[in-house]
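Reader: I've got this one open on my screen and I'd like to go through one part of it slowly. Could you walk me through it?

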There are 2 protein chains.
Amino acid sequence: MSTSTNSREKFSVRKLLFGEPLRTEALPHQTVNKRIGLAIFASDALSSTAYATEEILIILALAGTGAATLGLSIPIAIAISLLLIIVTISYRQTIYAYPNGGGAYIVARDNLGELPAQIAGASLLTDYILTVAVSVSSGVAQIVSGFPDLLPYRVQMAILVIAIITLVNLRGVRESGRVFAVPTYFFVGTMLLTLVVGFVRYLLGDLPTVVNVEAVHAGTQTVTLFLILRAFSSGSAALTGIEAISNGITAFKEPRSHNAAVTLVWMSTLLVIMFLGITFMAHQIGALPSETETVISQIGRTVYGEGSPLYLAVLAGTALILLMAANTSYAGFPRLAALAASDGFLPRQLTYRGGRLVFSWGIVGLAAFASLLVVVMNARTTALIPLYAIGVFLSFTISQTGMVVHMRRIGKLKPGESVQGHDTVLYYDAHWRTKMFISGFGAVCTGIVAMVFAVTKFTSGAWFVVVLIPSLVYIFSRIHDHYRDVARALSLQGVPVDIEKRPIQTIILVDDVHAETVRLVNFAKSLDHPWHAVHVATNPDKIEIVREKWRKRIGEGELVILPSPYRLLAEPIRHYIEQIQEQQPGGFVHVIMGHLAMDTYWEQILHQNTAVIFNLALSRMDNVVVTSVPYQIHRDELRHARHIKNGVNNGTVAQR
Amino acid sequence: MSTSTNSREKFSVRKLLFGEPLRTEALPHQTVNKRIGLAIFASDALSSTAYATEEILIILALAGTGAATLGLSIPIAIAISLLLIIVTISYRQTIYAYPNGGGAYIVARDNLGELPAQIAGASLLTDYILTVAVSVSSGVAQIVSGFPDLLPYRVQMAILVIAIITLVNLRGVRESGRVFAVPTYFFVGTMLLTLVVGFVRYLLGDLPTVVNVEAVHAGTQTVTLFLILRAFSSGSAALTGIEAISNGITAFKEPRSHNAAVTLVWMSTLLVIMFLGITFMAHQIGALPSETETVISQIGRTVYGEGSPLYLAVLAGTALILLMAANTSYAGFPRLAALAASDGFLPRQLTYRGGRLVFSWGIVGLAAFASLLVVVMNARTTALIPLYAIGVFLSFTISQTGMVVHMRRIGKLKPGESVQGHDTVLYYDAHWRTKMFISGFGAVCTGIVAMVFAVTKFTSGAWFVVVLIPSLVYIFSRIHDHYRDVARALSLQGVPVDIEKRPIQTIILVDDVHAETVRLVNFAKSLDHPWHAVHVATNPDKIEIVREKWRKRIGEGELVILPSPYRLLAEPIRHYIEQIQEQQPGGFVHVIMGHLAMDTYWEQILHQNTAVIFNLALSRMDNVVVTSVPYQIHRDELRHARHIKNGVNNGTVAQR
């Protein structure tokens, strides 16, 4: 009876573009080891080293591009690394406390309640969008650094890259960890090699200074604490993405908390080494912030020499890891949206699993917002950075504050006791005070950074996020209120229930008289209620033909013709039904329509008439019940029909 | 009974953005006089003077920017003007022959048959898209000429302008002719004034040469016939839009053919004066083709002096008329698409009138394609020109060839005789030979230009259109074949008709038990067939609650629980129905679902569950009939529900 197998064997453009329908049962339940886990979850965090140093230099350049001023990047990078170590230690605790996944949304919901969870959710959704925009913009900047001729096409390239990632994700990839491992380890390999070669040349006194950089205009501000804090904020974009492992703990092999925690430490270690190494190397070669060449490119061509294959490898590796980082948002954004939807804060449909259809909305939405940002900001990483990271630090703060509450709840347990919470199990822990202090200290640090970020970047773009996140939280709460109001309006508590039978008047909508019409009549007769057919005469020439066909082929039941001088479809039906309802108040009007079901997507598009009529005319009429009777036409039937040359019906084209 | 009036009084975001639903009956049947008609239909044609001269100069500059070389623009412009006069005379005849509207598609369909009509249709649809892309790009270039700081944001500005025009058109404007008249006459006024002032200063020997132009790189080619033909092709973009009046004859007051014909002559006269005037003036001031400043801007600031208000008025007027030109495509594209759809060459749904919904697809499609072109071509008019005009000249040629056939058919009539054709009435005309010759001559001229265009512009972009138009024609014919095949497959000729009753098994899909569920049960009971309810247990915690509510509130009929361990929705329903069908082959399975109808659009989005389930699970199952039972909740009911504080059902959130 099922025809899906049948249609799957045939060629279809939809299938080519979007792949087989995703079967949830087939989702890989395989788990990964630490090395693959690092590759999968580290791309977002590690890729931020591609722009973090540069963003520090761009702010410092406001006070001039002298070596002393730009050299401030080194203490700033060290401070950021310390922050990173604090957050890492704190997040290790979250990984052990929430072995089923401890994203900021879940930790906040479990410990702090609805509002903080919504703020964390809004922050994370915003930052998923920004991760795509920033990573793609920076990736394109790396490519453009190697091929300056492409500079005028930066925006177009970025949009193209987003389009490709989107298509790949709509199509769905069997996410094989090994495939992910290649770009991550390629980037780590080339970057570490570059730093080592650079460091050796530095020790040998053989490291040249970078030449031919079209640097940004050197500013004339004085070095103030505010400027240093601004540079610090920009560089703290290096911390984005380190929460990825705590979201994905369930993907690790058992003991999964242990494996995830070890991977987190590996990742943070690599991140600190690379970030400090790049910042140091940038200083040694005298790298200058530039609109046309990234700092990574300057380091690469100074260490290896212009045009060296290794230089191009560095650019390729950096562009690739940034692409992978953008790609991770395509998994995270729809997943978090589904989570928020199941709590009633986003449209419920986002929670349905099965079929790619629903999941696709999240992917397309993410791509649209990220593209918009790229276009508005001209694909300039520096313009996007002030919007970025503020949401990340907000969610860090909320998550760690949640952990403080979590540890206090653990502190109330007796030795050996455990309690089943909503999202995890609380086990007694003698060290709860220490852990609470660590989480609290982390929360205070990231909270301060979030505030420093909001203040120092306010005028250059952070104001937008400061407005956006409360707006999103407001929208979420409006949606939640709406569902609650609907629930109350539908509630039957204390209301007498009336399920008595009522009269039903059945109407068949007829456009032409053919096999599909027979099916409709067949169903209407089977229902055994009073029925008649209705034809809306959008084409007056057809009236007599339809009437004649009806008489000859159906031969029973009344056929009512509704005139439609303006070729309207919806209005005559609506008026006719209103007349019937006046004559028979309290009854149901039952409208039966055909729905031609085709094997392929493009054929189906040509036959969405039922849906169109329903939306235009009937979806808002009370007590009007609409039935859609499918009539399946398979490709082989169509092919067969095509071969009946000079057939009796040749030349007549059905209206649907 | 109707609730639309009710909901219209309330605020809604949809209404704010898209306006009231369009009532076809309310479409203005008012007609316009010649002056307003000129303003409405001339913007497309007149606006092409904003770039035609410049495009000639850009090609000539390939052979250097000397005065002698660029001076070739004058004879080229004269040749183009002659062509324009020929086409005008020829199209006057079409206006008289097709008083009900004589677009190329209709003339071709009426005289030449299906294939030429489809080629004309594909050409015109393509050119509507290009009109938007070219006009918006050129309009932005005018603005950027006055404000060079905006240069890096050209693409973004163009996309923003397209977005605004799109929103305005989705919202729908009561197209008042007077509003259209302002920009058209403002442009004509400022441009003619500029030409007169410039000409007077030229006669007084007081006209300076333009300075500070960042000219395009002067090429080193020699002046060949090929180069001159290429420049001629570029300049012939000036002819785009002159067919607009012949499409819109019915909008004119009676005698409409006469009024339309007079307006056409006025328009062409203005077009020739402005095009030749601008080309002459550009030569006198030594205007240079430039990537950063339009020729119009160079003329404006040379004639009036830098920073003069009149200079800014010229730029504003030019930008405005280009915007109006882009806007005309937003009416033409959906109208032509509907015409092709009613002939079965595009999806039928495009033909439905009433409600803005369907018409919107054409507008959104046009905007998407035009934006894509703008992004790919970096909003550079010069890059878009090779794609443009080839379609226009193809449709000119087809239309005039159709008129040759038309005149020959008239030649076969006896004096005084008239014949009712498909799209117009053929009257005897003694001068049919002369008229046939004029149309034929016009067809030959435009046909040659189309070929010159395709050859000289082939490598710079015309190849794309040369590939695109046949592809579109192929797609149109595939769609047409599909409708024909479906008609044959559905045909009942010679097939025995079986409309016997069959058993019906009714299933109610139940998510929760509330007022909507009562309505479903009410309808199922009224049908009087065997029925039971089904609940898909995506949330196992809810099973007992639903079962208990069912027992207490409904108290009859069986409630079947379908387990769904993976939280799938579609699959369990489908498998269950397949089981029923196995037990009862040949019967109908009748699935009844609720549909919550809300007053506002954003609320409705939160309740599209029925549509989602239908699309995911049931739309392709044969003999499964799906009924949607609406349950209307109005805003005041929701508001009422919100005020039942501490109500009995407080805190419980319904699942739909």
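Which residues of S6(B) lie on one side and which on the other, and are they buried or exposed?

Author: Happy to. Bear in mind that this is a predicted model. On one side of S6(B) you'll find B:Phe588, B:His590, B:Ile592, B:Gly594, B:Leu596 and B:Met598, and on the other B:Val589, B:Val591, B:Met593, B:His595 and B:Ala597. Every one of them is buried, which leaves both faces covered. Strand S6 of chain B spans residues 588-598, and because 11 of its 11 residues are buried, it is largely enclosed by the rest of the structure.

Now for the neighbours. Strand S3 of chain B (residues 504-509) runs parallel to S6(B), and 5 bridges join the two. If you want a spot to click on, B:Ile504 has B:Phe588 as its bridge partner in S6(B). Strand S7 of chain B, residues 624-633, also pairs with S6(B) in the parallel sense, here over 10 bridges. A handy marker for that pairing is B:Leu596, whose bridge partner in S7(B) is B:Tyr631.

Stay with B:Phe588 for a moment, since its ring has a charge over it: the charged end of B:Arg502 sits there, 4.3 Å from the ring centre. Chain A has such an arrangement too, with the charged end of A:Arg502 over the ring of A:Phe588, 4.3 Å from its centre.

While we're on rings, a search of the whole structure turns up 18 aromatic pairs over all chains. One of them is B:Phe393 with B:Phe396, an edge-to-face pair at 5.4 Å centre to centre with 80° between the planes. These two sit 3 residues apart in helix H18 of chain B (residues 390-411), so about one helical turn separates them. Like the strand we started with, B:Phe393 and B:Phe396 are buried. Over in chain A, A:Phe393 and A:Phe396 belong to one aromatic cluster together with A:Tyr91.

For some wider context, take chain A as a whole. Chain A has 26 helices and 7 strands, and 59% of its 656 residues count as buried. Among its contacts with a separation of 6 or more, 81% are between residues 24 or more positions apart. Its accessible surface comes to about 26,600 Å², with 63% of that belonging to carbon and sulfur atoms.

Methods
Residues are numbered from 1 along each chain as its sequence is written. Chains are lettered from A and ligands numbered from 1 in the order in which they are written. This is a predicted model: local features need pLDDT of at least 70, side-chain atom pairs count only at pLDDT 80 or more; totals for chains, interfaces and linings use all residues. Side-chain values use heavy atoms; hydrogens and water are left out. Rings of Phe, Tyr and Trp (its six-membered ring) pair if their centres lie within 6.5 Å; planes under 30 degrees apart count as stacked, over 60 as edge-to-face and the rest as tilted. Helices (H or I, at least four residues) and strands (E, at least two) are DSSP runs, numbered from the N terminus. Buried means under 20% relative accessible area, exposed over 50%, partly exposed in between (1.4 Å probe, protein chains only). A charge sits over a ring if NZ of Lys or CZ of Arg is within 6 Å of the ring centre and within 35 degrees of the ring normal. Contact means heavy atoms within 4.5 Å. Accessible areas come from the Shrake-Rupley method with a 1.4 Å probe; for residues, only the protein chains shown count as cover. Two strands pair if DSSP finds at least two bridges between them.
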